[in-house]
Amino acid sequence: MPILESELIRQIRRRADRSSGPVRIGIGDDCAVIRPRGGEDIVVTTDFSIEGVHFRRDWHPPESVGHRCLARALSDIAAMGAQPMACFLSLALAKSTPQKWVDGFLRGFLKLAERYSCTLAGGDTSSSLSGIVADVMVLGSLPSGKAVLRSGAKVGDTVYVTGSLGGAAAGLQRLQEQKVPQPARKSLRGMTGSQHFFPEPRIAMGEFLRQNKLAHAMIDISDGLSTDLNHVCEESRVGAMINSTLLPIAKHATLEHALHGGEDYELLFTASPKAKVPVEMAGVPITEIGWVTRGRGVYITDLTSKPKRLRPRGWEHFRKS
Ligand SMILES: [Mg+2]
């Protein structure tokens, strides 16, 4: 590690939120103490971010790595319709990690945590023999029994997605093909690649859909539409038909990116065809992309040719290239 572990913990503690809201005791004791309100359920998710697997130091600025490792977990909280409460960060740093990198990482992480009132309440630090590892846990809360599950889709439901799809995969592909020279990387962050470098978890959207009882089933699109919609269908014991002409494909992305590219962190949900689902929320579009069918399997059609099976090819598919 670049600095002593005790110094790293001191730095994190100095920069982390003070104990607030449901976090009664944060960093500094043996355990955090968290007090949910009466009548609430706690939802918990954990996510690994591993150098060389989930990020590369030569591609991703440290702020992006910090942001993304928390955004991935927050996106899972959004997919339940929950409100974030607290997060925990376990960080293993390679000996060669510069202090500047640690600073940038914490800046990206804590900025996002603060935006969603998600107190950094603890974690662990260690040295790593090869590469950086960040393990993030997030706790969220919602009224008892009201979590929106993957298993709630009903035959005849309409399938919706938030935002646009494929932007993160298109950004990743541009990095892989080295189409973006080093000095231009900054502009990539601001434009086409923002979905890749700084994905926005759809917390408010998830809560809105839960509060208004609009979503029967919900998942966040972390592995790609084809994979994640298949998860919903399996858990709900239904099938689905996607109309490819309706897909909100991100700028610079292809249909392939939109179907199989992961890391968009948009929400996918199903709702009764009678539900009054808004067409957008706070500038983020909500698009109808298909419907839930009897039987099993996800199919795709452009309404002119015979429907084709849409097999789960997300994430793995793009990792190979
Ligand atoms: Mg998820």
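**Figure 1. The end of helix α7 in this predicted model.** Just after α7 comes K213, a residue with a positive phi, near 50°. Look back along the helix itself and you'll find its buried residues: I203, M205, G206, E207, L209 and R210. We'll meet α7 again in the next view, since it is one of the elements giving two or more residues to the largest nonpolar core.

**Figure 2. Inside the largest nonpolar core.** This core has 50 residues, and the ones that touch the most other members are L70, L89, F105, F109, V138 and F269. Which elements give two or more residues to it? They are α1 (5-15), α2 (62-80), β4 (83-94), α3 (99-115), β6 (133-143), α7 (203-211), β10 (266-271) and β12 (284-293). Helix α2 gives the largest share, with nine residues. Now zoom in on L89: leaving aside residues up to four places away in sequence, L89 touches F105, L106, F109, L120, G122, G123, D124, A134, D135 and V136. There is also another core, lying apart from the largest one, with 23 residues. Its members include A153, V232, V238 and V298.

**Figure 3. Two aspartates at the magnesium ion.** Which protein residues are the donors here? They are D76 and D220, each using an OD atom, and they lie 2.0 Å from the ion. D76 sits in helix α2 while D220 belongs to strand β8 (residues 217-221), so this pair ties together parts that are 144 residues apart in sequence. Is D220 buried or exposed? Its relative accessibility is 2%, so D220 counts as buried.

**Figure 4. V44, a residue in strand β3.** V44 is found in strand β3, and with 52% relative accessibility it counts as exposed. Setting aside residues up to four places away in sequence, V44 touches M137, V138 and L139. One of these, V138, is among the core residues picked out in Figure 2 for touching the most other members. V44 also lets you compare sequence with space: V44 and D76 are 32 residues apart along the chain, and their C-alpha atoms are 8.8 Å apart. That D76 is one of the magnesium donors from Figure 3.

**Figure 5. A cluster of aromatic rings.** The structure holds four aromatic pairs. In a pair like this, what should you look at? A pair of aromatic rings is described by the distance of the centres and the angle of the planes. Take F55 and W101: their ring centres are 6.4 Å apart and their planes meet at 25°, so this pair is stacked. The two come from distant parts of the chain, with F55 in the loop between β3 (40-50) and α2, W101 in helix α3, and their positions 46 residues apart. Both F55 and W101 are buried. W101 also pairs with F105, and that pair is stacked too, at 5.4 Å centre to centre and 20° between the planes. Because W101 and F105 are four residues apart in helix α3, about one helical turn separates them. Both W101 and F105 are buried. Put the ring pairs together and F55, W101, F105 and F109 are linked into a cluster.

**Figure 6. A charge over a ring.** Here you can see R56 and W59. The charged end of R56 sits over the W59 ring, 4.0 Å from the ring's centre.

**Figure 7. Three salt bridges.** Side chains of opposite charge can pair when their charged atoms come close. The count for this model comes to 12 salt bridges, and here are some of them.

- D103 and R15 form a salt bridge whose closest N and O atoms are 3.6 Å apart. D103 is in helix α3 and R15 in helix α1, so the pair ties together parts that are 88 residues apart in sequence. D103 counts as partly exposed at 25% relative accessibility, and R15 is partly exposed as well, at 32%.
- E263 bridges to R68, with the closest N and O atoms 3.0 Å apart. E263 lies in the loop between α9 (255-260) and β10, whereas R68 lies in helix α2, 195 residues away in sequence. Both E263 and R68 are buried.
- E200 bridges to R115, and their closest N and O atoms are 2.7 Å apart. This pair links the loop between α6 (194-197) and α7, where E200 sits, to helix α3, home of R115, 85 residues apart. E200 is partly exposed, with a relative accessible area of 27%, and R115 counts as partly exposed at 44%.

Conventions: Residues are numbered from 1 along each chain as its sequence is written. This is a predicted model: local features need pLDDT of at least 70, side-chain atom pairs count only at pLDDT 80 or more; totals for chains, interfaces and linings use all residues. Side-chain values use heavy atoms; hydrogens and water are left out. A nonpolar core is a set of buried Ala, Val, Leu, Ile, Met, Phe, Trp, Tyr and Cys residues joined through side-chain atoms within 4.5 Å. Buried means under 20% relative accessible area, exposed over 50%, partly exposed in between (1.4 Å probe, protein chains only). Contact means heavy atoms within 4.5 Å. Donors are N, O and S atoms within 2.8 Å of the metal (3.2 Å for Na, K and Ca); water is not among the atoms, so sites may look incomplete. Rings of Phe, Tyr and Trp (its six-membered ring) pair if their centres lie within 6.5 Å; planes under 30 degrees apart count as stacked, over 60 as edge-to-face and the rest as tilted. A charge sits over a ring if NZ of Lys or CZ of Arg is within 6 Å of the ring centre and within 35 degrees of the ring normal. A salt bridge is a side-chain nitrogen of Lys or Arg within 4 Å of a carboxyl oxygen of Asp or Glu.
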